[in-house]
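Hi everyone, thanks for coming. Let's take a look at this one together, and shout if I go too fast.

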There are 2 protein chains.
Amino acid sequence: MITNVGLLGYGTVGAGVAKIISLEDSLLSQKVGWSLKLARATVRDLDAPRAFPPPPGLLTTDPRDVVGNPDIQVVVEAMGGIEPARTLILKALESGQNVVTANKALLAIHGVEIFAKAKECRREIFFEAAVAGAIPVIRTLKEGLAANRILSVFGILNGTTNYILTRMTQDASSFQDALFEAQSHGYAEADPTADVEGFDAAHKLIILTALAHGVLPSLKDIQVEGITKLDAKDFDFAGELGFTIKLLAVSARNPEDGLLEVRLHPAMIPQGHLLAGVSGVLNAVVIRGHASGDIFLSGAGAGMMATASAVVGDIIEIARLSHSAPAVGKPSLGWQSLTSERIKSPTEIYTRYYLRFTVHDRPGVLAAISGVFSAHNISIAQVIQKGVDPTGSVSLVILTHLAAEKDLQMALSETQKLGVLTAETKLIRVEDFARY
Amino acid sequence: MITNVGLLGYGTVGAGVAKIISLEDSLLSQKVGWSLKLARATVRDLDAPRAFPPPPGLLTTDPRDVVGNPDIQVVVEAMGGIEPARTLILKALESGQNVVTANKALLAIHGVEIFAKAKECRREIFFEAAVAGAIPVIRTLKEGLAANRILSVFGILNGTTNYILTRMTQDASSFQDALFEAQSHGYAEADPTADVEGFDAAHKLIILTALAHGVLPSLKDIQVEGITKLDAKDFDFAGELGFTIKLLAVSARNPEDGLLEVRLHPAMIPQGHLLAGVSGVLNAVVIRGHASGDIFLSGAGAGMMATASAVVGDIIEIARLSHSAPAVGKPSLGWQSLTSERIKSPTEIYTRYYLRFTVHDRPGVLAAISGVFSAHNISIAQVIQKGVDPTGSVSLVILTHLAAEKDLQMALSETQKLGVLTAETKLIRVEDFARY
């Protein structure tokens, strides 16, 4: 018996999948119980250079050699982008093929449609590689922690930004220098927008929210803030205050009002927290279940072989399931029951805040600013004032207790009218993991 | 439709399972697709106090109300110990029931027999809770990393000893004081032997070895060393050298000779390694796959609800699988293909070593000891000598490069003949994770 696999796309991910299936034949046969065979792979250009040389006859430019080909049981979508990936996946499901994809943007945007189609066609769509690469976070949410109400998921979901933040933490680099270094190592693309503005991580956060809470929010419903405005100075102060700055993804049900918070933004996290130790291009996730407590997972979030590890793991599971129950009988958990639910708007969210004001070095400034905070019912936990720069300005760092974003923004806008600020005020949220 | 679950044992684990199934009815129904019902639970004493009150009529003293009861599809063995657990599990499989167990000692000792029986009867045995509590390490090895050759597994697999070592690291406690503290918090039993001598962790290591490498070694084949001989002084030196001392489980294929190393012993690990940050009663595992790279998992390794989280996760998966394929068609990975393979004997293993000699404070001692090392071809990486104690002895700490245990033991025995030692020499292995 043979399970035939068809690839849509033979770029980095496709080549990695081909490499594992070609070189680990006996391992995979042992796991599945029979052979996996790579049957066809679609590409745009038959003659482009490849990271792993395809066997003769594998490549084709016609997607119909894969999608709807009755000899192919599992279709791996490894082309990326929205179209034609969406249409091809829908067609594959309609043709009775099972699908594996690593396409987070597609699932985040069209997940509801695609999963409804899979259910309708009684076919399976697996997507372990879409979030956090080789780390089995999807399986952990779907299966390992199935007995739990999921209280919160915190994650570092983008390796490019984590590399940049690690450099800024360890070498006191500027954002621009760290980005340039990431680009020179191949960790960041020439146009780094999707990574540094947070969109890539936000797509993964949307998928995790669906699995954890049964809701697939739109990008516009969630708070997304990238790392481009972070300043080397704030990394200094973070260290002094016992924090590390990370681009943190949060999907949590607030225990006080029962509402979902889904947000992605730079956050100061305590240096002793396991997430603070996740450095370089690694990804990590902490899932809190009502029975399990915190489960922490970390590892490679991207790269040819790490992504292929997750894709081929999915292929193996589908191959085995489809043998035992030809119309796959093990429905994807979580997606079965997607509901609509209001996500808390950013202004409704409470966190602690780190604020760095750049102010004139003269008497009364601290009193004026702290007066504004007090008027808005924002309680101050800690203050650091130091360093006069050549222009005569000083940094005034304030760490607040829990405060409403709405109150905080009003207070900040009032501080602008005091006539004491000499530069833009920097704001970084301080995460208190114990609250959820 | 209903899946009926029968419990063997209603102690801490059984009560936790009952609590989740009773209180999270709608969550579980949504995940499974129909209801899970706790049908019967066997106990020795119907009137003993219980951590979660059983519904009327649940308890019985007759195991035949569970094992072989045609109304019960899933049997959860939560009684512990070897017999009658072994016999009851075998009977349940023969009766066509699927089994979930958290019994690591039973699987480590009788795994070959039990898994052969499951295969013969085409029934499933799941055991996520047997290793590292709520952490989905079994699923990750079986499924998430199925596409990988597993190169190594490193783990902190016993919460009691990790708590003791954390106290010794953070508070400079003696082993006895830290053990007493663990006992007073309920983290260690009155007779702590199974934990502090390493047997509990060794059973888990045997199970991980079966999943990672397809070999189920006997306890006598592997190197097991507990933490009872660790001295507060060595935690001081460890910190000075940039290490943390952990009770480390290792199951790795040595890339140089292709042989399996399976060992459990105190180890110095670099403070920057993620395992060094695993403190208190937490457990953690790092799995290195050829494609995935290092996947790190940590969380609660024990406790009523954490263990129940893993058990009920297994029940959910079995309930769904057995619906789609009544004779479960998804065979347990890894166990399918258990083979026999020689495990490297302790004397064949190379590691780096931390050695603390207690010596007379007089000239020539360092030269004499280092001469012995040199004669045995053991290369010294670092030396610290300091502190004269009231008896006139000093501590001489030597960190070696990679050396064979056999050579090292010969060298140590020669140093005893030099007439310079005033106390027993302490040896702790230094782990170099990059070697595997």
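Before anything else, one bit of vocabulary: when I say "axis" for a helix, I mean a line fitted to its C-alpha atoms over the stretch in contact, and the angle between two axes runs from 0 to 180 degrees between their N-to-C directions. Also, keep in mind that this is a predicted model.

Okay, so let's use that on a pair of helices in chain A. Helix α12, residues 365–375, and helix α13, residues 405–415, have axes that come within 9 Å and cross at roughly 150°. Now, are these two roughly parallel or roughly antiparallel? Anything over 145 degrees counts as roughly antiparallel, so α12(A) and α13(A) are roughly antiparallel to each other. Their crossing is right-handed. Who's touching whom? From α12(A) we have Ile369(A), Val372(A) and Phe373(A), and they meet Ala411(A), Glu414(A) and Thr415(A) in α13(A). Sort those contact residues by class and you get four nonpolar, one polar and one charged.

Let's hop over to chain B for another pair. There, helix α3, residues 85–94, packs with helix α4, residues 104–120, at an angle of about 15°, and the axes are 10 Å apart. The cut-off for roughly parallel is under 35 degrees, so α3(B) and α4(B) are roughly parallel to each other. This crossing, α3(B) with α4(B), is right-handed. On the α3(B) side you'll find Ala85(B), Arg86(B), Ile89(B), Leu90(B) and Leu93(B), and they meet Leu106(B), His110(B), Ile114(B), Lys117(B) and Ala118(B) in α4(B). By class, that contact has seven nonpolar, one polar and two charged residues.

While we're in this part of chain B, have a look at the backbone. Glu83(B) and Pro84(B) are joined by a cis peptide bond, with omega about 10°. Where's that proline? Pro84(B) lies in the loop between β4 and α3 of chain B. Chain A has a cis bond from Glu83(A) to Pro84(A), with omega near 5°, and Pro84(A) sits in the loop between β4 and α3 of chain A. One more backbone point: Arg122(B) has a phi near 50°, which is positive in a residue other than glycine. You'll find Arg122(B) in the loop between α4 and β6 of chain B.

Right, strands. In chain A there's an open sheet of six strands with parallel pairing, in the order β3-β2-β1-β4-β5-β6. Which strands stand at the edges? Those are β3 and β6 of chain A, each with a single partner strand, so one side of each is left without a neighbour in the sheet. To zoom in on one pairing, β4(A), residues 74–77, and β5(A), residues 98–101, run parallel and are joined by four bridges. If you want a spot to click on, Val74(A) stands opposite Asn98(A) in β5(A).

Elsewhere in chain A, follow strand β17, residues 426–430. With β10(A), residues 260–270, β17(A) pairs in the parallel sense over two bridges, and Met268(A) stands opposite Val430(A) there. With β13(A), residues 350–360, β17(A) runs antiparallel, and five bridges join them. In that pairing, Leu355(A) stands opposite Leu427(A).

Last topic: how the two chains sit together. A rotation of 180° with 0.0 Å of shift along its axis superposes chain A on chain B, with an RMSD of 0.0 Å. That is the relation of a two-fold axis. Which C-alpha in chain A is nearest the axis? It's that of Leu297(A), 2.3 Å from the axis. Remember Leu297(A), please, since we'll meet that residue again in a second.

The contact takes 49 residues from chain A and 49 residues from chain B. On the chain A side, α2, α5, β12 and α11 each supply at least two residues, and α11(A) gives the largest share, 12 residues. By class, that side has 23 nonpolar, 17 polar and nine charged residues. And 100% of the interface residues of chain A are also interface residues in chain B, so the copies meet through the same surface.

Here's where Leu297(A) comes back. Strand β12(A) and strand β12(B), residues 293–300, run antiparallel, joined by three bridges. And the bridge partner of Leu297(A) in β12(B) is Leu297(B). Okay, that's me done, over to you!

Conventions:
Residues numbered from 1 in each chain as written. Chains lettered and ligands numbered in written order. Predicted model: local features only at pLDDT ≥ 70, side-chain atom pairs only at ≥ 80, totals over all residues. Parallel < 35°, antiparallel > 145°, perpendicular 65-115°, else oblique. Left-handed = near helix turned anticlockwise from the far one by under 90°. Contact = placed C-beta atoms within 7 Å. Nonpolar A, V, L, I, M, F, W, Y, C, P; charged D, E, K, R; others polar. Pairing = 2+ DSSP bridges. Least-squares fit on C-alpha atoms with pLDDT ≥ 70 in both.
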